[in-house]
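Work through the exercises below with the sequence and the 3D view open. Try each task before reading its solution.

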Amino acid sequence: PAASSYTISVSPNPVKDHSVIKIQGLSAQLLEESYIVNVYDVTGKLVASPRTGFLIAADNVQFIFKSESLVSGIYLLEIGTSKGERVGVVKIMIER
């Protein structure tokens, strides 16, 4: 398959309370998917699977990531579809 041409951004990062995660350049097929977010610590342990609403625009998906249950540190946010397709992983830093 062709390489994906989408990008994932986090703003702000480091995260204090919440950030906006934005996935740009998605195909029309991926824009119609439901998304799942898993949060892993640096050891690879799953520490959260927040439920969040996704805002779908012309070529991007946005959602608010709330960090209230996490302590300061570095985490990996894995974003995938409800069908099990991995969209991407982005590193975030939580600052309290």
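A residue counts as buried under 20% relative accessible area, as exposed over 50%, and as partly exposed in between. Keep in mind that this is a predicted model.

**Exercise 1. Classify Ile74 as buried, partly exposed or exposed, and place it in its surroundings.**

Step 1. Find the element. Ile74 lies in strand β7, which spans residues 73-81.

Step 2. Apply the cut-offs. The relative accessibility of Ile74 is 38%, so this residue is partly exposed.

Step 3. Look for nonpolar company. Ile74 shares a nonpolar surface patch with Val42 and Met93. Together the three have about 270 Å² of accessible area.

**Exercise 2. Work out the strand order of the sheet that holds β7, and name its edge strands.**

Step 1. Read across the sheet. The order is β4-β3-β7-β8, in an open sheet of four strands with antiparallel pairing.

Step 2. Pick out the strands that pair on one side only. These edge strands are β4 (46-48) and β8 (86-94).

Step 3. Add the twist. From one strand to the next it averages 35 degrees.

**Exercise 3. Describe the pairing and the cover of β3.**

Step 1. Take the β4 side. β3 (residues 35-41) pairs with β4 over two bridges, in the antiparallel sense. Val39 is the bridge partner of Ala48, and Tyr40 that of Leu46.

Step 2. Inspect the connection. Four residues separate β3 and β4 in a hairpin. Gly44, in the turn, has a positive phi of about 90 degrees.

Step 3. Take the β7 side. Here seven bridges join the antiparallel strands β3 and β7. Asp41 stands opposite Tyr75 of β7.

Step 4. Check the cover. Five of the seven residues of β3 are buried, so the strand is mostly covered by the cut-off of under 20%.

**Exercise 4. Which strands make up the sheet that contains β6, and how is β6 paired with β2?**

Step 1. Set out the order. This open sheet of four strands runs β1-β2-β6-β5, with antiparallel pairing.

Step 2. Mark the edges. β1 (7-11) and β5 (54-56) each pair on one side only.

Step 3. Note the turn between neighbours. Adjacent strands of this sheet are turned by 20 degrees against each other on average, direction ignored.

Step 4. Follow the pair in question. β2 (residues 18-24) and β6 (residues 60-66) are antiparallel and share seven bridges. At one of these positions, Lys22 has Gln62 of β6 as its bridge partner.

Step 5. Recall the chemistry. Strands of a sheet pair through backbone hydrogen bonds.

Conventions. Residues numbered from 1 in each chain as written. Predicted model: local features only at pLDDT ≥ 70, side-chain atom pairs only at ≥ 80, totals over all residues. Heavy atoms only, no water. Pairing = 2+ DSSP bridges. Axes fitted to C-alpha atoms, helices over the stretch in contact; angles between N-to-C directions. Patch = residues over 30% accessible without salt bridge, like charges linked within 9 Å, V, L, I, M, F, W, Y side chains within 5 Å. Areas by Shrake-Rupley, 256 points an atom, 1.4 Å probe, with all protein chains shown as cover. Salt bridge = Lys/Arg side-chain N within 4 Å of Asp/Glu carboxyl O. Buried < 20%, exposed > 50% of the residue type's maximum accessible area, 1.4 Å probe, protein only.
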